Amino acid sequence: MSYDTATQTERRAEPPLHGPEAFEGMRRAGRLTAEALDLLVEHVKPGVSTQALDALVSDFARDNGAYSATLLYRGYPKSICTSINHVVCHGIPNDKPLREGDILNIDVTLILDGWYGDSSRMYFVGEVPRRAARLCDITHECLMRGIEAVKPGRTTNAIGAAIQSLAEQERCSVVRDFCGHGLGRVFHDAPTILHYVEPSYDVPLKPGMLFTIEPMINLGRPQVKVLSDGWTAVTRDRSLSAQFEHSVGVTESGVEIFTLSPKGYHKPPYATAG
Ligand code: MF3
Ligand code: CO
Ligand code: CO
């Protein structure tokens, strides 16, 4: 979500603490969201349009008693976000064919029985340049290290520190204009999850908190701009950008990831059978 929206609303609120019933609901919504991302793997290839991918997810959601949180969210027109190459996030699916060498993020948020599953992964279109694959590797590792930092007794800045230190050590940059967010029976809640260290906002992590971690990492500078469609965010220097996102819950001992792939897909290239 955008940093501005987070500042206006969620960051003022005390993060809600959820019980076992919420964790059960989040497991089911998260699993379905991960299955939608798994389903897309075999469809992402040169010549396929992002609106065809959007239709696949919308049908999959309906067939499973769920629906997309993004369709008509603040006027957003589609069921998924597809962010290609220098698009940072919130790219809108369209009829343009994917091209060999593109990298894209697909972000899916499904609502199942009122619970929100929010997750995104990178995909390769055919063979991609080495620097693009490297950026995807680094970004996935940033997400996983951010998740490993989640534990009661720590604070949100432990997550930001884990992500920022790896990204900058690899001479990449962390996008500041978008952040992770609390979720549950709503799309965006407290706490706000920054992917860098911000001493003025540091929330203690407590069992029962539910939120996303969704770092956007650029090969070049961190600055972004939003195009005239009001959604598509791109890097100002047109450098490549990557993102991965999981929905997680804080447990007594650490963290539970709700959106892990049932097929064991973590980052591209995804090994498919046959
Ligand atoms: N799923 C995105 C997130 O991770 C939000 C997409 S909102 C949309 O926060 F309207 F752009 F789809
Ligand atoms: Co999110
Ligand atoms: Co998302």
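Let's start with one pair of residues: Thr212 stands opposite Ser247 in strand 14. Keep in mind as you look around that this is a predicted model. Thr212 belongs to strand 9, which covers residues 210-213, and strand 9 is joined to strand 14 by four bridges, with the two strands running antiparallel.

Now stay with strand 14 for a moment, and look at what lies on its other flank. Strand 14 also pairs with strand 15 (residues 255-257), again in the antiparallel sense, over three bridges. Here you can find Gly249 opposite Glu256 in strand 15. The chain gets from strand 14 to strand 15 by way of a hairpin of four residues.

How much of strand 14 is buried? Five of the five residues in strand 14 (residues 246-250) are, so the strand is largely enclosed by the rest of the structure. In a regular strand, side chains alternate between the two faces of the sheet. You can check both faces here: His246, Val248 and Val250 sit on one side, Ser247 and Gly249 sit on the other, and all of them are buried.

Next, step back along the chain to Glu245, in the loop between strand 13 (241-243) and strand 14. Glu245 counts as buried because its relative accessibility is 0%, and the cut-off for buried is under 20%. This residue takes us to the metals. Together with Asp107 and Asp118, Glu245 coordinates the cobalt ion (ligand 3), at 2.1 to 2.3 Å. Asp107 appears twice in that list of donors, each time through an OD atom. Along the chain, the donors of this ion follow the spacing D-x10-D-x126-E. The pair Asp118 and Glu245 links distant parts of the chain: Asp118 is in strand 5, and the two residues are 127 residues apart. As for geometry, the site of the cobalt ion (ligand 3) is irregular, with angles of 58 to 167° among its six donor atoms.

What does Asp118 do between the two cobalt ions, ligand 2 and ligand 3? Asp118 bridges them, and the ions lie 3.3 Å apart. Asp118 itself counts as buried, at 2% relative accessibility.

Around the cobalt ion (ligand 2), the coordinating residues are Asp118, His181, Glu214 and Glu245, at 2.0 to 2.2 Å. His181 uses its NE2 atom, while Glu214 and Glu245 use OE atoms. This site is irregular too, with angles of 49 to 162° among the six donor atoms of the cobalt ion (ligand 2). Its donor residues are spaced D-x62-H-x32-E-x30-E in sequence. Here again a pair links distant parts of the chain: Asp118 in strand 5 (residues 115-124) and Glu214, 96 residues apart. Glu214 sits in the loop between strand 9 and strand 10 (216-218), and at 4% relative accessibility Glu214 counts as buried.

Finally, let's visit the helices. Gly25 lies in helix 2 (residues 20-40) and is buried, with a relative accessible area of 10%. Gly25 and Tyr116 are 91 residues apart in sequence, yet their C-alpha atoms are 8.5 Å apart in space.

Two packed helices are described by the angle between their axes and the distance between the axes. For helix 4 (residues 130-148) and helix 5 (residues 156-169), the angle is about 155° and the axes are 8 Å apart. That makes helix 4 roughly antiparallel to helix 5, and their crossing is right-handed.

Terms used
Residues numbered from 1 in each chain as written. Chains lettered and ligands numbered in written order. Predicted model: local features only at pLDDT ≥ 70, side-chain atom pairs only at ≥ 80, totals over all residues. Heavy atoms only, no water. Donors = N, O, S within 2.8 Å, 3.2 Å for Na, K, Ca; no water. Tetrahedral: all angles 85-135°; square planar, octahedral: opposite > 155°, others 65-115°. Buried < 20%, exposed > 50% of the residue type's maximum accessible area, 1.4 Å probe, protein only. Pairing = 2+ DSSP bridges. Axes fitted to C-alpha atoms, helices over the stretch in contact; angles between N-to-C directions. Parallel < 35°, antiparallel > 145°, perpendicular 65-115°, else oblique. Left-handed = near helix turned anticlockwise from the far one by under 90°.
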